[in-house]
Amino acid sequence: MLEFKTPAGKSISEIEIELADTPQKREMGLMYRTSMKENQGMLFIFDTEERQSFWMKNTEIPLDIIFVNEEKTVVHIAENCEPYSLKQIPSFEYAMYVVEVNAGYMRKNNVQVGSTIKYSIE
């Protein structure tokens with residue numbers, strides 16, 4: 001489970017997460033998926049905090065991609081990323097985590113740069 005919070009710590013929303021915490025899982029990501037429930041997403045965990053870059057190759061559903069730093073603060077949001085696009089989607093800032101959710105989720109739930117994440121692995 002992953003929870004988005006306001007900078008003040010108030011809960012915004014929660015999603016069920018699938019982890020992408022190995023090189024193989026990070027490379028595959030959400031490719032070839034045809035749908036995802038509204039309250040689902042994928043959490044990418046990297047070994048070090050650095051500038052990240054994603055693309056939508058073989059990704060069939062539009063996504064919001066949220067870049068999160070080591071302190072678990074949202075530093076950049078790429079909204080409504082186009083399916084199958086090979087265009088690079090950069091974090092612009094250093095990020096250690098990336099969360100992918102259905103396109104429109106961030107606006108609908110008012111998650112913004114400065115929001116934080118808290119997750120648990122069950």
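**Notebook: sheet, cores and Ser13**

I began with one pair: Glu3 stands opposite Glu14 in E2. The model I am reading is predicted. I then checked how the strands around this pair are joined. E1 (residues 2-5) and E2 (residues 11-20) run antiparallel, and 4 bridges join them.

**Entry: the chain overall**

I listed the elements next. The chain has 2 helices and 7 strands. From the N terminus on, I read them as β-β-α-β-β-β-β-α-β.

I looked up the dimensions. Along the principal axes, the C-alpha atoms fill a box of roughly 35 × 30 × 30 Å. The radius of gyration is 13 Å, which agrees with the value near 14 Å for a compact globule of 122 residues. I also noted burial: 46% of the 122 residues are buried. For contacts with a separation of 6 or more, I noted that 70% come from residues 24 or more positions apart.

**Entry: the sheet**

In what order do the strands of the sheet lie? I read E5-E4-E6-E3-E2-E1-E7, in an open sheet of 7 strands with mixed pairing. The edges are E5 (74-81) and E7 (116-119); each has a single partner strand, so one side of each is left without a neighbour in the sheet. Neighbouring strands are turned by 35° against each other on average, direction ignored.

**Entry: the cores**

I went through the largest nonpolar core, which has 19 residues. Leu2, Phe4, Ile15, Leu43, Ile66, Val99 and Met106 touch the most other members. At least two residues each come from E1, E2, E3 (40-54), E4 (63-68), E5, E6 (89-102) and helix H2 (105-109). E6 gives the most, with 4 residues.

A second, separate core has 18 residues, including Met36, Phe46, Ile89 and Val98.

I followed Ile15 further. Leaving out residues up to four places away in sequence, Ile15 touches Met1, Leu2, Phe4, Asn39, Gln40, Gly41, Val99, Val101 and Tyr105.

**Entry: Ser13**

I then turned to Ser13, which lies in strand E2. Is Ser13 buried or exposed? Its relative accessible area is 9%, and the cut-off for buried is under 20%, so Ser13 counts as buried.

What does the side chain of Ser13 meet in a polar contact? I found the side chain of Tyr105, at 2.6 Å. Leaving out residues up to four places away in sequence, Ser13 touches Leu2, Glu3, Phe4, Tyr105, Asn109 and Val111. Tyr105 is also on the list of residues that Ile15 touches.

How values were computed:
Residues are numbered from 1 along each chain as its sequence is written. This is a predicted model: local features need pLDDT of at least 70, side-chain atom pairs count only at pLDDT 80 or more; totals for chains, interfaces and linings use all residues. Side-chain values use heavy atoms; hydrogens and water are left out. Two strands pair if DSSP finds at least two bridges between them. Axes are lines fitted to C-alpha atoms, for helices over the stretch in contact, and angles run from 0 to 180 degrees between N-to-C directions. A nonpolar core is a set of buried Ala, Val, Leu, Ile, Met, Phe, Trp, Tyr and Cys residues joined through side-chain atoms within 4.5 Å. Buried means under 20% relative accessible area, exposed over 50%, partly exposed in between (1.4 Å probe, protein chains only). Contact means heavy atoms within 4.5 Å. A polar contact is a pair of N or O atoms within 3.5 Å; within protein, one must be able to donate a hydrogen and the other to accept it, and residues adjacent in sequence count only if both atoms are side-chain atoms. The radius of gyration is taken over C-alpha atoms; the globule rule is 2.2 Å times the number of residues to the power 0.38.
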